[in-house]
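Here is a short walk through one structure. Keep the sequence and the coordinates open while you read.

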Amino acid sequence: ISVLREVMNFIRFRRTYQFSLLQFYLIEFEYKKWRVYMNSELREKILNTISKNSRYSTKELAAMLGSDETAVTNELKQMEQENVICGYPTLINWDKTDCEKVTALIEVKVTPQRDMGFNKVAERIYKFDEVESVYLMSGGFDLTVTISGKSMKEVARFVSEKLSTLEYVNSTATYFVLKKYKEHGVEMTGEHHESERMLITP
């Protein structure tokens with residue numbers, strides 16, 4: 001509705017001030033550029049905000065960003081359709097719960113497939129339920145795989161029975177996470193030591 005209103009206002013404006021067809025197209029082109037810029041700026045603000053806290057309502061987002069709630073809602077829907085926003089996962093500190101959970105980072109060396117590169121191999125790996133993330137890397141290995149399990153033994157079993165046996169996987173190296181201090185920009189420990197506070201006291 002808001003877009004239609006803008007178009008109607010623009011048509012009335014053109015009728016009031018007699019422009020040549022070329023002038024009309026130039027104005028229309030600049031107008032579209034302006035709209036793209038404004039949408040891009042709003043999109044970036046939304047993404048930066050919800051990347052830190054995805055629980056904000058559209059009303060809260062609009063107020064924080066100085067925008068219209070309808071525009072924010074439409075932009076969120078558009079980004080979900082474009083797969084810019086892929087989900088809204090919750091960041092959990094499992095160390096604060098009674099649940100047993102072990103996280104491991106695995107370096108994987110693979111042989112890329114003809115005409116597919118690393119994509120097909122990566123797809124085979126991220127299809128496993130245990131896998132949380134897969135990254136293509138530069139350096140001495142090809143893929144970084146993050147997995148979670150209930151114990152180190154469970155993770156080791158996954159690597160030996162599922163990951164290492166895949167075709168085109170040449171070798172793996174597993175590193176267990178002992179403690180998370182910060183993840184996705186959020187401090188995980190909540191610990192503040194007196195000695196550290198004294199060091200930054202003016």
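**Salt bridges, backbone and hollows**

Lys 120 and Glu 123 sit three residues apart, about one turn of the helix, and both belong to helix 5 (residues 119-126). Their side chains meet in a salt bridge, at 4.0 Å from N to O. Lys 120 counts as partly exposed, at 35% relative accessibility. Glu 123 is partly exposed too, with a relative accessible area of 28%. Bear in mind that this is a predicted model.

How many salt bridges does a search of the whole structure find? The search finds five. Another of them joins the side chains of Lys 162 and Glu 130, at 2.9 Å from N to O. This pair links distant parts of the chain. Lys 162 lies in helix 6, whereas Glu 130 lies in the loop between helix 5 and strand 2 (131-136). The two are 32 residues apart. Lys 162 counts as partly exposed, at 34% relative accessibility. Glu 130 is partly exposed as well, at 24%.

Now turn to Arg 43. Arg 43 forms a salt bridge with Glu 75, and their closest N and O atoms are 2.7 Å apart. Here, too, distant parts of the chain are linked: Arg 43 is in helix 2 (residues 21-50), Glu 75 is in helix 4, and 32 residues separate them. Is Glu 75 buried or exposed? Its relative accessibility is 9%, so Glu 75 counts as buried; the cut-off for buried is under 20%. The pair does not stand alone: Arg 43, Glu 75 and Glu 82 are linked in a network of salt bridges.

Next, the backbone. Most residues other than glycine have a negative phi. Asn 83 has a positive value, with phi near 65°. Where does Asn 83 lie? Asn 83 is in the loop between helix 4 (69-81) and strand 1 (102-110). Its relative accessibility is 52%, so Asn 83 counts as exposed.

Tyr 168 also has a positive phi, near 80°. Tyr 168 is found in the loop between helix 6 (152-163) and strand 4 (169-176). Tyr 168 is partly exposed, with a relative accessible area of 31%.

Tyr 168 leads on to the cavity. The structure holds one cavity of 30 Å³ or more. The largest cavity contains about 40 Å³ of space. Which residues line the largest cavity? Tyr 168 is one of them, and the others are Gln 113, Val 121, Arg 124, Leu 166, Glu 167 and Val 169. By class, the lining divides into four nonpolar residues, one polar and two charged.

Last comes the largest pocket. About 1300 Å³ of space lies in the largest pocket. Its lining has 35 residues. Which of them lie nearest the centre of the pocket? They are Pro 89, Thr 90, Leu 91, Glu 183 and His 184. Several elements give two or more residues to this lining: helix 2, strand 1, strand 2, strand 5 (182-183) and strand 6 (186-187). Strand 2 gives the largest share, three residues. By class, the pocket lining divides into 15 nonpolar residues, eleven polar and nine charged.

Some elements return along this route. Helix 2 holds Arg 43 of the salt-bridge network, and helix 2 also gives residues to the lining of the largest pocket. Strand 1 follows the loop of Asn 83, and strand 1 lines the largest pocket as well.

Technical notes. Residues numbered from 1 in each chain as written. Predicted model: local features only at pLDDT ≥ 70, side-chain atom pairs only at ≥ 80, totals over all residues. Heavy atoms only, no water. 1 Å grid on protein atoms, 1.4 Å probe; cavity = no way out; pocket = protein on both sides within 12 Å on 5 of 7 lines; lining within 4 Å. Points joined across faces, edges and corners; volume = space filled by probe spheres on them. Nonpolar A, V, L, I, M, F, W, Y, C, P; charged D, E, K, R; others polar. Helix = DSSP H or I, 4+ residues; strand = E, 2+ residues; numbered from the N terminus. Buried < 20%, exposed > 50% of the residue type's maximum accessible area, 1.4 Å probe, protein only.
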